[in-house]
Amino acid sequence: MSTVLITGASSGLGAEMARQLAALGHDLALCARRTERLDALRDEITAAHPSVRVAVKALDVNDHDAVFRVFEEFAEELGGLDRVVVNAGLGKGQPLGTGRFDANLATAQTNFIGALAQTEAAAAIFRRQNSGHLVMVSSFSALRGMPKNITTYATTKAAVAHLAEGFRADVHGTPIKVTVLYPGYIVSEMSGTSAKTPLMTSTEKGVRAMVAAIEKEKPSARVPAWPWAPLGFVVRRVPVGMLRKMS
């Protein structure tokens, strides 16, 4: 089994990934801003899986120096990192030109610059080890430029997908692997919706599809595959006017 670092692990998709990866026997390095939630998650996981090591640390991914420090501390404490899941992010945003540059800037800084820091920190450890698996959590919205409140969010998710793919090209032929996940609608605190919303998948089911793709080390995956794999084919090809109505 491997040691997996997950950012943004205090709730939502990150917390559920931790639960499911622990059930598979993986040791965990969990970080997020809300340490009380991390502590509760660690206690829950170790009670259910006593043989699994769970290390937790506070981390705001916008504190870039802290990203490098925390990743290195985890690697030292756990004897290396086999997998890093770049998951932390923001979902807020407003249509461009409506006076909410502040919201769009916060999303851009966290989702791209924060992800860049995480990727740099993980890549440095993987290069030193000559092994590792980078998992980038992008979004189905990254497949096209999206309108309304998710324009900036979708842009950042397209950017991090390209960031990961660029790193994949850089380490091609080495033992280092890269996976880019494109989740569809999955219930989480960020989505702010329930499983009754059309096309919405429960957190457990959606994360199960994400974990399956991670374990198989797929280069990329739209998850869950149904309906997001066929919908991706459609979304890439519909006219802009129809894309607006679908959003």
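**Group meeting: a parallel sheet and its cores**

Good morning. Let me begin with the aromatic rings: counting rings of Phe, Tyr and Trp as a pair when their centres lie within 6.5 Å, one finds 0 aromatic pairs in this structure. Please bear in mind that this is a predicted model. One ring does have a charged companion, for Lys 57 lies over the face of Phe 74, at 5.5 Å from the ring centre.

Let us turn to the sheet. How are the strands ordered? The open sheet has 7 strands, with parallel pairing, in the order β3-β2-β1-β4-β5-β6-β7. Strands β3 (54-58) and β7 (220-223) each have a single partner strand, so one side of each is left without a neighbour in the sheet. From one strand to the next, the twist averages 15 degrees. At the β7 edge, 4 bridges join this strand to β6, residues 176-183, and Val 180 has Ser 220 of β7 as its bridge partner. Towards the other edge, helix α2 (residues 35-48) lies across β2 and β3, at about 175 degrees to β3.

Finally, the interior. In soluble globular proteins, nonpolar side chains tend to be buried together. Here the largest nonpolar core has 42 residues, and among those touching the most other members are Leu 5, Leu 59, Phe 71 and Phe 74. Elements giving two or more residues to this core include β2, α3, β4 and α4. What does Leu 59 touch, leaving aside residues up to four places away in sequence? Its contacts are Cys 31, Ala 32, Arg 33, Ala 66, Val 67, Val 70 and Phe 71. A second, separate core has 30 residues, including Ile 45, Val 135, Met 210 and Val 223. Thank you.

How values were computed: Residues numbered from 1 in each chain as written. Predicted model: local features only at pLDDT ≥ 70, side-chain atom pairs only at ≥ 80, totals over all residues. Heavy atoms only, no water. Pairing = 2+ DSSP bridges. Axes fitted to C-alpha atoms, helices over the stretch in contact; angles between N-to-C directions. Contact = heavy atoms within 4.5 Å. Phe/Tyr/Trp six-rings, centres within 6.5 Å; stacked < 30°, edge-to-face > 60°. Lys NZ or Arg CZ within 6 Å of the ring centre and 35° of its normal. Core = buried A, V, L, I, M, F, W, Y, C linked by side-chain atoms within 4.5 Å. Buried < 20%, exposed > 50% of the residue type's maximum accessible area, 1.4 Å probe, protein only.
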